[in-house]
Amino acid sequence: MSLNNKLTLASKAYSEDIAQRAVISNIPFVGSTIDNIFISKWSNFYTERLEIFQKCVTEQFEQIEEQNVDFAFLESETFFDLVINLIEKSVKTRHKEKVVLFSKLLKHQCIKTRNSSYEAEDFTFIINDLTPREIVIIRSIQETLEEIQLQKSESDKPEEISDFISVEKLSNKVSYSDGEIHFSLTKLANLGLLNEYYAGNVFGMTGGGEFKTTDSYQELLNIFNA
């Protein structure tokens, strides 16, 4: 039997499961829309991961006051496409940390106070490409930057304190090797979250290994903290 036929049969089973549909429908603000999506795309094989997604989204939307919800956005095709995309990504990962971030992204997009020039699809792609190690390193980068700002505020010569991110500054914060940290920093730079700066021979691009965050990193951090 083809995957399409399996999904069709699973979708039929879900549509006839009144109790399960009631649970989905009770998700604040977005439950009915997600219910409609599940009817057309459901698989018993993905049940556990879908339940994790449902739980994460419920937890996130229970934190929102109704007056802060952008109901016009909930009625848009953009919202529909985003939910489908996030469900598809969630059932393809075994890492709950990423599903939590997907649910935070959905919440971030559904509130009136969001202020971003980025598309939700930009960060769906970025989050999907992150490993749990990179999620830890992103949080460690922020912790390091906060420490640097504190050091500058307490120093008589703040201009002499480097605000670059490096393997050395992160190595005592995470349980990864220097090679793993550098690999992840380079990957985050390739995703547009960091800029790498080079020292020494500019023409040969030697040195390197020092990074600064970008605007897209700050926007991702807003999603992390949503």
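Is Glu-121 buried, partly exposed or exposed? Glu-121 counts as partly exposed, because its relative accessibility is 35%, which lies between the cut-offs of 20% for buried and 50% for exposed. The legends below refer to a predicted model.

**Figure 1. Overall view of the predicted model, with twelve helices and three strands.** The protein has 226 residues, and 41% of them count as buried. Its accessible surface comes to about 12,600 Å². Carbon and sulfur atoms account for 48% of that surface. Among contacts with a separation of 6 or more, 67% join residues 24 or more positions apart.

**Figure 2. Close-up of a negative surface patch that includes Glu-121.** The patch is formed by Glu-77, Asp-81, Glu-119, Glu-121 and Asp-122. Two helices, H6 (77-90) and H8 (120-129), each supply at least two of the patch residues. Glu-121 itself lies in H8. At 35% relative accessibility, Glu-121 passes the patch cut-off of over 30%.

**Figure 3. Close-up of Ala-120, a residue of helix H8.** Ala-120 counts as buried because its relative accessibility is 6%, under the cut-off of 20%. Apart from neighbours within four places in sequence, Ala-120 is in contact with Leu-82, Leu-105 and Gln-109. Ala-120 and Phe-79 are 41 residues apart along the chain, and their C-alpha atoms are separated by 9.5 Å. In helix H8, the view thus pairs with that of Glu-121: Ala-120 is buried, whereas Glu-121 is partly exposed.

**Figure 4. Close-up of helix H12 (residues 215-224), which is mostly covered.** Seven of the ten residues of H12 are buried. These are Ser-216, Tyr-217, Glu-219, Leu-220, Leu-221, Ile-223 and Phe-224. The cover over the buried residues of H12 includes three helices, namely H7 (96-110), H8 and H9 (132-154). Strand S3 (210-213) is also part of this cover. Helix H8 therefore appears in two settings, since it helps to cover the buried residues of H12 and also supplies at least two residues of the negative patch, where the patch cut-off is over 30% relative accessible area.

**Figure 5. Close-up of Phe-29 in the loop between helices H2 (18-25) and H3 (31-40).** The phi angle of Phe-29 is near 70°. This is a positive value in a residue other than glycine. Phe-29 is partly exposed, because its relative accessible area is 26%, which falls between the cut-offs of 20% and 50%.

Terms used
Residues are numbered from 1 along each chain as its sequence is written. This is a predicted model: local features need pLDDT of at least 70, side-chain atom pairs count only at pLDDT 80 or more; totals for chains, interfaces and linings use all residues. Side-chain values use heavy atoms; hydrogens and water are left out. Helices (H or I, at least four residues) and strands (E, at least two) are DSSP runs, numbered from the N terminus. Buried means under 20% relative accessible area, exposed over 50%, partly exposed in between (1.4 Å probe, protein chains only). Contact means heavy atoms within 4.5 Å. Accessible areas come from the Shrake-Rupley method with a 1.4 Å probe; for residues, only the protein chains shown count as cover. Patches are made of residues with over 30% relative accessible area and no salt bridge: like charges are joined within 9 Å, nonpolar side chains (Val, Leu, Ile, Met, Phe, Trp, Tyr) within 5 Å. A salt bridge is a side-chain nitrogen of Lys or Arg within 4 Å of a carboxyl oxygen of Asp or Glu. Lys and Arg count as positive and Asp and Glu as negative; His and the chain ends are not counted. The place of a charge is taken as NZ of Lys, CZ of Arg, CG of Asp or CD of Glu.
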